[in-house]
Amino acid sequence: MSDAIHPCLTCGACCASFRVDFAVEEMQELGGTVPGGLAVEVTSSTCRMRGTDHVPARCAALTGTVGVKAACGIYEWRPSPCREFEAGDHACHRARMRHGLPALPEGLIF
């Protein structure tokens, strides 16, 4: 692992680009980790992070400024779509492009 700052800590574009839906079982009230109040129920089996269905999207758990210094306020408790998101993949590049940020270099490992 490099000593450089992980690019996600200066980005946050994904948190301000995509809808984040996940299973209701991921909510703390049902034994999961996502804190109550940060998500809304969409269906009886699906929840959505607050703010991710707005235009422009911005997850309620995102802190800081996109492209400058950003972080997830519930990183340890974030839902599965956020855990599965990979820095530098196609979706990352799309999110960064939406916010006028350059694509991350190929083969970036952190």
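**View 1. Asp21, at 32% relative accessibility, counts as partly exposed.** Keep in mind while looking around that this is a predicted model. Asp21 has a charged partner here: its side chain meets that of Arg48 in a salt bridge, with an N to O distance of 2.6 Å. The two residues come from distant parts of the chain, as Arg48 belongs to strand E3, Asp21 belongs to strand E1, and they are 27 residues apart. Is Arg48 buried or exposed? With a relative accessibility of 12%, Arg48 counts as buried, because anything under 20% falls in that class. Side chains of opposite charge can pair when their charged atoms come close.

**View 2. A second salt bridge brings Asp53 to Arg48.** Here the N to O distance is 3.7 Å. Asp53 is partly exposed, and its relative accessible area is 35%. Put the pieces together and you get a network of salt bridges that links Asp21, Arg48 and Asp53. How many salt bridges are there in the model? The count comes to 2.

**View 3. Strand E3 pairs with strand E1 and with strand E2.** Start with E1 (residues 21-23), which runs antiparallel to E3 (residues 46-49) and is joined to E3 by 3 bridges. Within this pairing, Phe22 has Cys47 as its bridge partner. Now look at E2 (residues 39-41): E2 and E3 are also antiparallel, and 3 bridges hold this pairing too. Which residue stands opposite Cys47 here? That residue is Glu41, so Cys47 is a meeting point for Phe22 and Glu41 under the pairing rule used for strands. E2 and E3 form a hairpin, and 4 residues lie between them. As a reading aid, side chains in a regular strand alternate between the two faces of the sheet.

**View 4. Thr52 sits in the loop between E3 and E4.** At 4% relative accessibility, Thr52 counts as buried. What does its side chain reach? One contact goes to the backbone nitrogen of Val20, at 3.1 Å. Another goes to the backbone oxygen of Met49, at 2.8 Å.

**View 5. The peptide bond from Val55 to Pro56 is cis.** Its omega is near 0 degrees. Where is Pro56? Pro56 is in the loop between E3 and strand E4 (62-65), and Thr52 from the previous view lies in the loop between E3 and E4 as well. For context, most peptide bonds are trans.

**View 6. Strands E4 and E5 form a hairpin with 3 residues between the strands.** The two strands run antiparallel and are joined by 4 bridges. One pair to pick out is Thr63, which stands opposite Ala71 in E5. In this hairpin, Gly67 takes a positive phi near 85 degrees. Most residues other than glycine have a negative phi.

**View 7. Tyr75 is found in the loop between E5 and H1.** Tyr75 is partly exposed, with 47% of relative accessible area. How far is Tyr75 from Ala61 in space? The C-alpha to C-alpha distance is 8.6 Å, while in sequence the two are 14 residues apart.

**View 8. The largest pocket has a volume of about 690 Å³.** Its lining is made up of 35 residues. Nearest its centre lie Cys8, Cys14, Cys15, Cys82 and Phe85. Strand E5 (69-72), helix H1 (80-84) and helix H2 (90-98) are the elements that give two or more residues to the lining. Which element gives the largest share? H2 does, with 4 residues. By class, the lining has 27 nonpolar, 5 charged and 3 polar residues.

**View 9. Helix H2 has several buried residues, including Ala91 and His93.** The others on that list are Cys92, Ala95 and Arg96. At the start of H2, a side-chain oxygen of Asp89 reaches to within 3.2 Å of the backbone nitrogen of Ala91. Just after H2 comes Gly100, with a positive phi of about 70 degrees. When you follow the helix around, recall that an α-helix has 3.6 residues a turn, so residues three or four places apart point the same way.

How values were computed. Residues are numbered from 1 along each chain as its sequence is written. This is a predicted model: local features need pLDDT of at least 70, side-chain atom pairs count only at pLDDT 80 or more; totals for chains, interfaces and linings use all residues. Side-chain values use heavy atoms; hydrogens and water are left out. A salt bridge is a side-chain nitrogen of Lys or Arg within 4 Å of a carboxyl oxygen of Asp or Glu. Buried means under 20% relative accessible area, exposed over 50%, partly exposed in between (1.4 Å probe, protein chains only). On a 1 Å grid over the protein atoms alone, a cavity is a set of points where a 1.4 Å probe fits but cannot get out, and a pocket is an open set with protein on both sides within 12 Å along at least five of seven lines; lining residues have an atom within 4 Å of a point. Grid points are joined across faces, edges and corners, and a volume is the space filled by probe spheres set on the points. Ala, Val, Leu, Ile, Met, Phe, Trp, Tyr, Cys and Pro count as nonpolar, Asp, Glu, Lys and Arg as charged, and the others, Gly among them, as polar. A polar contact is a pair of N or O atoms within 3.5 Å; within protein, one must be able to donate a hydrogen and the other to accept it, and residues adjacent in sequence count only if both atoms are side-chain atoms.
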